[in-house]
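Reader: I am new to this structure and would like to understand how its labels are reached. Could we take them one at a time?

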Amino acid sequence: MPRQGFTDPLPAPTAGWDNGPSKLELKEREKQGQLEAFGPTDSHALSQVEHDEKGLAQKSGDTDEVTDLGWEHPPQGRIVAGLSNEDLWMLIRRFNKQIYYVKAVPDAPLQRLDLNRAEDEHFSPDKLRATLERFYTTIVVSLTAFYKHIARLRSWRETRRTGAFCGVYFLTWLLDFLVPTIFCFLIALVAYPPFRTWLFPPAPIALVDSNTGGVQKPKAGVLGSHDSVTGAPEKMKGEAAEQEASNLIASAATVAVGSVAGKHDQGTPEDDPLEESVPDAMHMATEAADAQKTAHGGVPDSAHDKTREPMKETVLNGANLGMRILSDIIDTYEKLGNALSPTPPFSSTTPYVRLASILSLGLLGSFVTSSYMFVKMGTFVVGFGFFGDPVFARLTAYLNRKYPSWIKLLELQNSLLKGIPTNAQLTLTLLRIGETNAAPLPPPPSDALDKAPSHPTSLDPSQVKLAASEEEITQAAAPDSAVQAQQEGEKSQANNSKKIIGSRIIGFFRGTTATSIESKLAVDRVRAAAGSDHAKSRLGILTRKGKTVSPSGPVQFDARYKGHRGAVVIDSALDPPMLYFTTDPHVLSGDQRLESREKGTVPFSIPVTDIRELRKIGGLGWKGKLVAGWAVGSKEVVDGLEILGKDQKKQHYQLTAMKTRNQLFNRLVAIDGQVWESY
């Protein structure tokens with residue numbers, strides 16, 4: 001359907017797109033750049049394209065049965081073509097942390113990719129914390145690697161490489177050809193990826209000294225990871241950088257108390273027994289300020305202080321604006337990264353052509369623009385921008401009247417980066433590929449209780465192009481005996497501190513708090529037996545760490561509904577697929593059909609097509625989680641999932657005590673044709 005103007009919406013998605021074109025037709029359309037004709041978004045359409053290179057997920061599309069690619073056992077091969085399993089699991093792991101609340105919208109966005117942030121996205125301290133952690137893992141780590149590349153070049157330790165850069169720079173400067181050379185250099189980096197590795201040979205970030213450009217001992221004492229600043233050991237790719245981000249935020253005393261405490265915006269269950277009895281950590285800073293004012297002779301009076309609430313609101317609004325700006329920066333950075341290093345099934349040529357075309361225009365402009373003209377034009381633009389407000393106001397009013405969406409069209413995501421995904425949008429597309437081929441992508445291996453290895457990661461010194469011998473690189477990557485001795489000393493000191501009287505007192509209160517929590521939950525069991533709906537929703541929320549659950553996917557997921565223990569099942573044999581909860585124990589036998597369930601064992605069922613909202617909710621409120629995490633260290637709080645359908649009054653279901661909550665969430669957002677928006 002052709003668009004009419006700038007505001008005409010695309011056709012609303014239809015369930016499953018069963019009557020659409022064949023995969024071969026989609027492949028031909030993809031070659032011609034006409035994916036817009038199929039699917040509500042490019043993400044939906046690309047998940048149905050027949051690919052030349054196939055992973056385990058794409059190869060499973062010939063069967064109607066749901067294939068288990070690695071939910072119970074490690075996968076035997078690459079799951080998705082063009083992406084290693086470790087990279088895939090890193091994307092899924094970060095997707096689980098970033099996306100927790102989505103709503104279906106009727107129209108596809110202008111950029112042809114869904115899962116964009118909603119305009120009315122709300123601020124919360126934990127969302128700010130998650131954004132800062134994402135900023136660290138996405139941008140700070142990359143900029144650190146770039147800075148260390150610059151340090152290597154400036155150090156002259158790699159003499160031939162630095163000499164080549166230096167010679168080309170001053171030769172083009174002497175010939176007054178420097179700007180065209182820079183544009184040619186950037187075009188080569190964009191259009192020919194091997195050129196990047198040749199000019200900037202990679203090396204582990206933690207192994208490079210930012211001051212000298214030479215080799216250094218990693219801050220973690222051992223080179224356990226390549227893509228982290230400290231080089232700390234990790235069990236899976238990306239975990240070390242994620243842990244660095246978490247510790248950085250938690251260690252910053254100047255960050256808002258709410259961010260450090262971890263007040264999150266997952267749905268807090270109603271009538272939580274610990275929410276009312278635990279003080280709000282966000283109020284502690286205010287109370288401390290009042291106490292200091294009192295100590296200096298002041299009389300804090302919140303009832304008559306007319307500045308407190310306005311200033312608090314100003315800070316929150318500023319934090320919300322800052323969080324949104326930071327999120328926009330991260331999204332743009334991720335899109336640029338995915339444009340320079342595309343991941344199948346997204347096009348590997350279109351981003352290169354777009355970026356190279358823009359740079360080529362700059363190259364042509366540099367041939368006809370002298371230094372004098374450049375300075376004159378630059379100073380004119382600065383002056384016009386400062387004094388030209390009347391012109392801007394009239395021009396903006398005209399454009400708003402004639403073309404209401406002109407601002408949207410100028411955004412990078414709707415122009416130069418249109419169709420280029422963020423990491424979350426890339427992950428959603430990969431999840432949809434698995435669902436299209438009846439092979440749901442497995443979650444990252446669950447070994448949270450296993451310690452990261454302390455030995456060095458695999459490293460071939462001959463492949464590390466640093467100005468050092470293989471022996472020096474090997475010694476720098478090896479474990480540092482001094483750091484290990486310090487860690488052992490700290491561990492021994494921590495064990496000995498348990499004998500101190502103060503620690504015993506803390507241990508006493510911790511035990512008392514744990515007993516209180518267990519008692520409250522025991523009372524909930526009694527209240528649940530008596531028919532209390534709030535008490536039923538809290539049954540099973542505390543479980544022992546490392547305890548396995550069964551069933552755990554990809555079709556059946558252990559959960560509770562209104563206190564009753566059972567399983568959530570996705571029956572893909574029906575059209576459309578049906579999601580239902582059952583307490584029938586025979587579901588474990590392998591027959592997932594809804595029609596096979598015994599009468600009275602299915603409290604609810606809903607077509608996946610009807611789902612309009614998915615929201616991850618906490619098993620306890622944020623204060624309850626803090627107390628439970630401190631007092632009951634051997635157990636973890638298990639969260640839940642809220643599902644809303646078209647009829648939100650009747651189709652409103654809350655699943656609790658669900659350790660596989662993220663796995664079910666990922667299947668539901670990818671299994672059908674909804675266009676999602678993130679909140």
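Reader: Why is F367 called partly exposed?

Author: In this predicted model, F367 has a relative accessibility of 49%, and because exposed means over 50% and buried means under 20%, F367 counts as partly exposed.

Reader: What makes F177 and F367 an aromatic pair, and why is the pair called tilted?

Author: The structure holds 18 aromatic pairs, and in the one formed by F177 and F367 the rings are 5.8 Å apart, centre to centre, with 40 degrees between their planes. Because rings pair if their centres lie within 6.5 Å, and planes that are neither under 30 degrees nor over 60 apart count as tilted, this pair is called tilted. F177 lies in the loop between α6 and α7 while F367 belongs to helix α13, so the pair ties together parts that are 190 residues apart in sequence.

Reader: Why are F380 and F384 called stacked?

Author: Their ring centres are 6.0 Å apart and their planes differ by 15 degrees, and because planes under 30 degrees apart count as stacked, the pair of F380 and F384 takes that name. Both residues lie in helix α14, four residues apart, which is about one turn of the helix.

Reader: Which of the words exposed and partly exposed applies to F380, and which to F384?

Author: F380 has a relative accessible area of 58% and is therefore exposed, since the cut-off is over 50%, whereas F384, with 35%, is partly exposed.

Note on methods: Residues numbered from 1 in each chain as written. Predicted model: local features only at pLDDT ≥ 70, side-chain atom pairs only at ≥ 80, totals over all residues. Heavy atoms only, no water. Helix = DSSP H or I, 4+ residues; strand = E, 2+ residues; numbered from the N terminus. Buried < 20%, exposed > 50% of the residue type's maximum accessible area, 1.4 Å probe, protein only.
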